[in-house]
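The following explanation considers how charged side chains, strands and aromatic rings are arranged in one protein chain. The reader is invited to keep the sequence and the coordinates in view.

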Amino acid sequence: MASVVKINVLTVPEEQREVLEKRFAARAGSVENSDGFEWFELLRPAEGTDQYLVYTRWRSEEDFQNWMATSMRGAHGGPQGEGGDRPKPAASGSELWSFEVVQQAAPKA
């Protein structure tokens, strides 16, 4: 069975970039212990776009779906503000791309 890659494309206005990055830094560890989790990267746009890419790699689609149904809900809920309100999302839009890994390479030792 091939690993699967999920890329969440987040449209983030420039004034919200720091907020988004701090929120991801604060969530460190929330996905790393999930069954089937293999890799995470938050990719900041270098130029020409306001879209961040959130790259995760999973052992299987089932592992990703299990995480979505349980842990991810808490991880993405974020801390509650005063009065129980959730902070405003840093991203103004989101799209999920899905891929199967068919080839891979690593540096030669």
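A salt bridge is taken here as a side-chain nitrogen of Lys or Arg within 4 Å of a carboxyl oxygen of Asp or Glu. In this structure, which is a predicted model, a search of the whole structure yields seven salt bridges. One of them joins Glu61 to Lys6, with the closest N and O atoms 2.8 Å apart. Because Glu61 belongs to helix α2 (residues 61-69) and Lys6 to strand β1, this pair ties together parts that are 55 residues apart in sequence. Lys6 is buried, at 4% relative accessibility, whereas Glu61 is partly exposed, at 33%.

Another salt bridge stays within a helix. Glu18 and Lys22 meet at 2.9 Å, N to O; they are four residues apart in helix α1 and are therefore separated by about one helical turn. Both of these residues, Glu18 and Lys22, are exposed. In addition, a network of salt bridges links Asp35, Arg59 and Asp63.

Strand β1, whose contact with helix α2 was described above, also takes part in strand pairing. Strands β1 (residues 4-11) and β3 (residues 51-58) run antiparallel and are joined by eight bridges; Asn8 has Val54 as its bridge partner in β3. Strand β3 pairs with β2 as well, again in the antiparallel sense, over six bridges, and here Trp39 has Arg57 as its partner in β3.

The aromatic side chains may be considered next. A pair of aromatic rings is described by the distance of the centres and the angle of the planes. Five aromatic pairs are counted. The rings of Phe24 and Phe40 have centres 6.0 Å apart and planes at 20 degrees; since planes under 30 degrees apart count as stacked, this pair is stacked. Phe24 lies in helix α1 (residues 17-26) and Phe40 in strand β2 (residues 37-43), so that the contact links distant parts of the chain, 16 residues apart. Phe24 is buried at 13% relative accessibility, while Phe40 is partly exposed at 24%.

The rings of Trp58 and Phe64 have centres 5.9 Å apart and planes at 65 degrees, so this pair is edge-to-face. Trp58 is buried at 0% relative accessibility, and Phe64 is buried at 4%. Together with Phe37 and Trp67, these two residues form one aromatic cluster.

Arg27 brings both themes together. Arg27 lies over the face of Phe40, at 4.5 Å from the ring centre, and forms a salt bridge with Glu32, the closest N and O atoms being 3.3 Å apart. Arg27 is buried, with a relative accessible area of 15%, whereas Glu32 is partly exposed at 37% relative accessibility.

Conventions
Residues are numbered from 1 along each chain as its sequence is written. This is a predicted model: local features need pLDDT of at least 70, side-chain atom pairs count only at pLDDT 80 or more; totals for chains, interfaces and linings use all residues. Side-chain values use heavy atoms; hydrogens and water are left out. Rings of Phe, Tyr and Trp (its six-membered ring) pair if their centres lie within 6.5 Å; planes under 30 degrees apart count as stacked, over 60 as edge-to-face and the rest as tilted. Helices (H or I, at least four residues) and strands (E, at least two) are DSSP runs, numbered from the N terminus. Buried means under 20% relative accessible area, exposed over 50%, partly exposed in between (1.4 Å probe, protein chains only). A charge sits over a ring if NZ of Lys or CZ of Arg is within 6 Å of the ring centre and within 35 degrees of the ring normal. Two strands pair if DSSP finds at least two bridges between them.
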